[in-house]
Amino acid sequence: MKKWIILLSIIAIALIAFFIAKPKLSENNFKKAMVYFDSSMYDKAIPFLNKAVMFSSKNEDALLKRAQAYYQLDNNEKAIIDFDKIISKNVKNDEALFGRALIFIKNKEYDKAISDLDKAQTINS
């Protein structure tokens with residue numbers, strides 16, 4: 001019986017430590033990613049951005065930078081998925097609206113692009 005209590009206590013402590021560390025892990029991975037992103041090494045930034053998003057789905061900055069990195073690598077399908085996720089959580093994210101508009105322009109979906117650009121401009125007014 002004592003062994004079970006000790007085992008459960010250890011598991012509980014490990015879980016608590018993991019959930020406390022998750023935001024810090026997200027932030028650390030985001031900082032590493034930004035070193036590569038700022039050097040236009042988008043392919044090297046993405047794995048760190050993936051980890052940042054994995055450790056904190058609320059890390060909107062990491063999701064935005066990942067979308068922008070995918071855009072720079074011409075992976076528009078993944079970029080638009082991330083832009084859509086951001087906009088669904090925060091309709092006032094003008095950078096995500098602008099990024100999505102750029103993809104719409106590439107795809108010759110001009111009405112959608114104009115709509116996103118209008119929304120982004122309204123936010124900044």
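# Close-up views of a six-helix protein

**View 1. Helix α3 packs against helix α5 (residues 94-106).** The two axes lie 10 Å apart, at an angle of about 20°. That angle is under 35 degrees, so α3 runs roughly parallel to α5. Their crossing is left-handed. The model shown here, and in every view below, is predicted. From α3, the residues that take part are L64, Q68 and Y71. From α5, they meet E95, A96, L102, I103 and K106. By class, this contact has 5 nonpolar, 1 polar and 2 charged residues.

**View 2. Helix α4 crosses helix α5.** The axes of α4 and α5 come within 9 Å. They cross at roughly 145°. The crossing of α4 and α5 is left-handed. On the α4 side, the contact is made by N76, A79, I80, F83, D84, I86 and I87. On the α5 side, it is made by E95, A96, L97, G99, R100, I103, F104 and K106. The residues of this contact divide into 9 nonpolar, 2 polar and 4 charged. Some names return from the first view. E95, A96, I103 and K106 of α5 meet α3, and E95, A96, I103 and K106 also belong to the contact with α4.

**View 3. Y36 and F48 form a stacked aromatic pair.** A search of the whole structure finds 2 aromatic pairs, and this view shows one of them. The ring centres of Y36 and F48 are 5.9 Å apart. The angle between the ring planes is 15°. Planes under 30 degrees apart count as stacked, so this pair is stacked. Y36 lies in helix α1, and F48 lies in helix α2. The pair links distant parts of the chain, with the two positions 12 residues apart in sequence numbering. The C-alpha atoms of Y36 and F48 are separated by 9.4 Å.

**View 4. The surroundings of Y36 in helix α1.** Leaving aside residues up to four places away in sequence, Y36 touches M41, K44, A45 and F48. F48 is also the partner of Y36 in the stacked pair. Is Y36 buried, exposed or partly exposed? Its relative accessibility is 27%, so Y36 counts as partly exposed.

**View 5. F37 and Y42 form an edge-to-face aromatic pair.** The ring centres of F37 and Y42 are 5.1 Å apart. The planes of the two rings make an angle of 75°. Planes over 60 degrees apart count as edge-to-face, so the pair of F37 and Y42 is edge-to-face. F37 has a relative accessible area of 12% and is buried. Y42 has a relative accessible area of 15% and is buried too. Both values fall under 20%, the limit for buried.

**View 6. S40 sits in the loop between α1 (2-38) and α2 (42-55).** S40 has a positive phi of about 60°. S40 is not a glycine. Most residues other than glycine have a negative phi. How exposed is S40? S40 has a relative accessible area of 49%, so it is partly exposed. The limit for exposed is over 50%.

**View 7. D74 sits in the loop between α3 and α4 (76-89).** Phi of D74 is near 65°. This is a positive value in a residue other than glycine. The relative accessible area of D74 is 52%, so D74 is exposed.

**View 8. R66 in helix α3 (residues 60-72).** Which residues does R66 touch, not counting those up to four places away in sequence? R66 touches L49, N50, V53, D82 and K85. Is R66 buried or exposed? R66 has 11% relative accessibility, so it counts as buried.

**View 9. The whole protein, for orientation.** The protein has 6 helices and 0 strands. Read along the sequence, the pattern is α-α-α-α-α-α. The protein has 125 residues, and 34% of them count as buried. F37 and Y42 are two buried residues from the views above, and R66 is buried as well. Among contacts in the protein with a separation of 6 or more, 41% join residues 24 or more positions apart.

Definitions and conventions: Residues are numbered from 1 along each chain as its sequence is written. This is a predicted model: local features need pLDDT of at least 70, side-chain atom pairs count only at pLDDT 80 or more; totals for chains, interfaces and linings use all residues. Side-chain values use heavy atoms; hydrogens and water are left out. Helices (H or I, at least four residues) and strands (E, at least two) are DSSP runs, numbered from the N terminus. Buried means under 20% relative accessible area, exposed over 50%, partly exposed in between (1.4 Å probe, protein chains only). Contact means heavy atoms within 4.5 Å. Axes are lines fitted to C-alpha atoms, for helices over the stretch in contact, and angles run from 0 to 180 degrees between N-to-C directions. Angles under 35 degrees count as roughly parallel, over 145 as roughly antiparallel, 65 to 115 as roughly perpendicular and the rest as oblique. A crossing is left-handed if the near helix is turned anticlockwise from the far one by less than a right angle, and right-handed if clockwise. Ala, Val, Leu, Ile, Met, Phe, Trp, Tyr, Cys and Pro count as nonpolar, Asp, Glu, Lys and Arg as charged, and the others, Gly among them, as polar. Rings of Phe, Tyr and Trp (its six-membered ring) pair if their centres lie within 6.5 Å; planes under 30 degrees apart count as stacked, over 60 as edge-to-face and the rest as tilted.
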